[in-house]
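Reader: Got a minute to walk through a model with me? I'd like to go through contacts, charges and pockets.

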Amino acid sequence: VLLANSAMAELVGHPIQETKHDYFDDIKTYRLARMIEHTYRNQKTHHKELTMLNTQKSVDASVIALNRGTAELQVLVILYDVTYLRQVEQMQLDFVGNVSHELKTPVTAISGFAETLLAGAKDDPKTLDQFLQIIYDESSRLTQLITDILTLSRPDSGQAQAKAVNVLDLVNDALKSLKQPIAEKGLEVKTDVPKDLTITTVPAKFSQVVRNLLNNAVFYNRKDGVVTVTATADE
């Protein structure tokens with residue numbers, strides 16, 4: 001090593017000596033060391049994306065042969081830190097996965113209740129009104145989720161206002177949309193929530209949390225199992 005800058009020292013994870021020394025003293029990442037070795041051997045530029053061993057940083061690495069065909073062959077190693085880009089890509093993948101999960105729940109509920117109505121439940125006026133209300137509520141939730149997605153894509157567009165929410169009412173509303181899968185599995189639902197328990201929150205956000213918990217409790221439960229919903233207030 002004849003010359004190195006401070007950025008390279010950060011990427012390899014330790015200070016680089018200013019005096020001449022072997023590159024193996026600095027390069028502990030096997031794939032990068034191999035690129036340097038191959039560049040010496042065949043005097044061709046090599047390019048690859050890899051992860052640095054000591055710092056776990058993702059880098060776009062180019063190893064370039066200088067003074068080819070002469071006795072003064074040198075190798076230039078250029079590393080671009082792309083860690084942030086890869087983190088953003090992972091966040092995008094996670095976001096898409098979460099959105100897919102969130103959208104699936106109301107769509108499944110709407111589809112399930114509509115199918116039940118078409119199968120004959122529409123002939124019972126009481127059931128018809130109840131199921132149509134659930135379909136309407138779930139479509140409203142779907143609209144809210146889409147609004148949330150648009151809000152996340154424009155983070156400066158403002159946040160919904162928090163207000164007092166009755167926890168038991170919200171839990172009961174969430175359980176209504178799960179009535180069909182609860183019946184199909186023969187689940188017993190126990191609700192232990194004080195009637196006067198309220199919290200100040202953004203209703204749609206809190207509803208999303210409660211619905212996620214209840215959906216998992218129902219869909220991943222065993223047949224004839226029990227779902228217990230409890231809520232308490234502390235300091």
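**Contacts, charges and pockets**

Author: Leaving aside neighbours within four places in sequence, M35 is in contact with H46, H47, K48, L50, A61 and V63. Keep in mind that this is a predicted model.

Reader: OK, which helix does M35 lie in?

Author: M35 is part of helix α2.

Reader: And is M35 buried or exposed?

Author: Buried: the relative accessible area of M35 is 3%, and the cut-off for buried is under 20%.

Reader: How far apart are the C-alpha atoms of M35 and T45?

Author: They are separated by 8.8 Å, with the two residues 10 apart along the chain.

Reader: Switching to charges. How many salt bridges does a search of the whole structure find?

Author: The search turns up 7. One of them pairs the side chains of R86 and E49, at 2.5 Å from N to O.

Reader: What does the R86 and E49 pair tie together?

Author: R86 sits in helix α3, residues 83-118, and E49 in strand β1, residues 46-51, so the salt bridge links parts that are 37 residues apart in sequence.

Reader: How accessible are those two, R86 and E49?

Author: Both land in the middle class. R86 is partly exposed at 27% relative accessibility, and E49 is partly exposed too, at 32%.

Reader: Any bridges inside a helix you'd point to? What about K176 and D173?

Author: The side chains of K176 and D173 meet in a salt bridge with an N to O distance of 3.9 Å. These two are 3 residues apart in helix α5, residues 167-176, so about one helical turn separates them. K176 counts as partly exposed at 47% relative accessibility, and D173 is partly exposed with 42%.

Reader: Back to the bridges for a second: which residues do salt bridges with shared partners join into one network?

Author: That network is made up of E49, R86 and E89.

Reader: What about R141, which residue does it form a salt bridge with?

Author: R141 pairs with E138, and their closest N and O atoms are 3.9 Å apart. R141 and E138 are 3 residues apart in helix α4, residues 125-153, so they too are separated by about one helical turn.

Reader: Are R141 and E138 buried or exposed?

Author: R141 is buried, with a relative accessible area of 10%. E138 is buried as well, and its value is 1%.

Reader: Besides the salt bridge, what polar contact joins the side chain of E138 to another one?

Author: There's a polar contact of 3.4 Å between the side chains of E138 and S177.

Reader: And which residues does E138 touch, not counting those up to four places away in sequence?

Author: E138 touches P106, A109, I110, S177 and R211.

Reader: Now pockets. What volume does the largest pocket have?

Author: About 660 Å³.

Reader: How many residues line the largest pocket, and which lie nearest its centre?

Author: The lining has 22 residues, with V1, L3, V75, L76 and V77 nearest the centre.

Reader: Which elements supply at least two residues of that lining?

Author: Those are α1 (6-12), α2 (30-42) and β3 (74-81). The largest share comes from β3, which contributes 6 residues. M35, from the start of our chat, lies in that helix α2.

Reader: What's the lining of the largest pocket like by class?

Author: It has 19 nonpolar, 2 polar and 1 charged residues.

Reader: And the second largest pocket, how much space lies in it?

Author: About 420 Å³. The second largest pocket is lined by 19 residues, and D137, R141, D173, S207 and R211 are the closest to its centre. We've met some of those already: R141 is the salt-bridge partner of E138, D173 that of K176, and R211 is among the residues E138 touches.

Reader: Which elements give two or more residues to the lining there?

Author: For the second largest pocket they are α4, α5 and α7 (203-219). The most come from α4, with 11 residues.

Reader: Last one: what's the class mix in the lining of the second largest pocket?

Author: The count is 5 nonpolar, 7 polar and 7 charged residues. For the largest pocket, the lining has 19 nonpolar residues and 1 charged.

Note on methods
Residues numbered from 1 in each chain as written. Predicted model: local features only at pLDDT ≥ 70, side-chain atom pairs only at ≥ 80, totals over all residues. Heavy atoms only, no water. Salt bridge = Lys/Arg side-chain N within 4 Å of Asp/Glu carboxyl O. Helix = DSSP H or I, 4+ residues; strand = E, 2+ residues; numbered from the N terminus. Buried < 20%, exposed > 50% of the residue type's maximum accessible area, 1.4 Å probe, protein only. Polar contact = N/O pair within 3.5 Å; in protein donor to acceptor, adjacent residues only side chain to side chain. Contact = heavy atoms within 4.5 Å. 1 Å grid on protein atoms, 1.4 Å probe; cavity = no way out; pocket = protein on both sides within 12 Å on 5 of 7 lines; lining within 4 Å. Points joined across faces, edges and corners; volume = space filled by probe spheres on them. Nonpolar A, V, L, I, M, F, W, Y, C, P; charged D, E, K, R; others polar.
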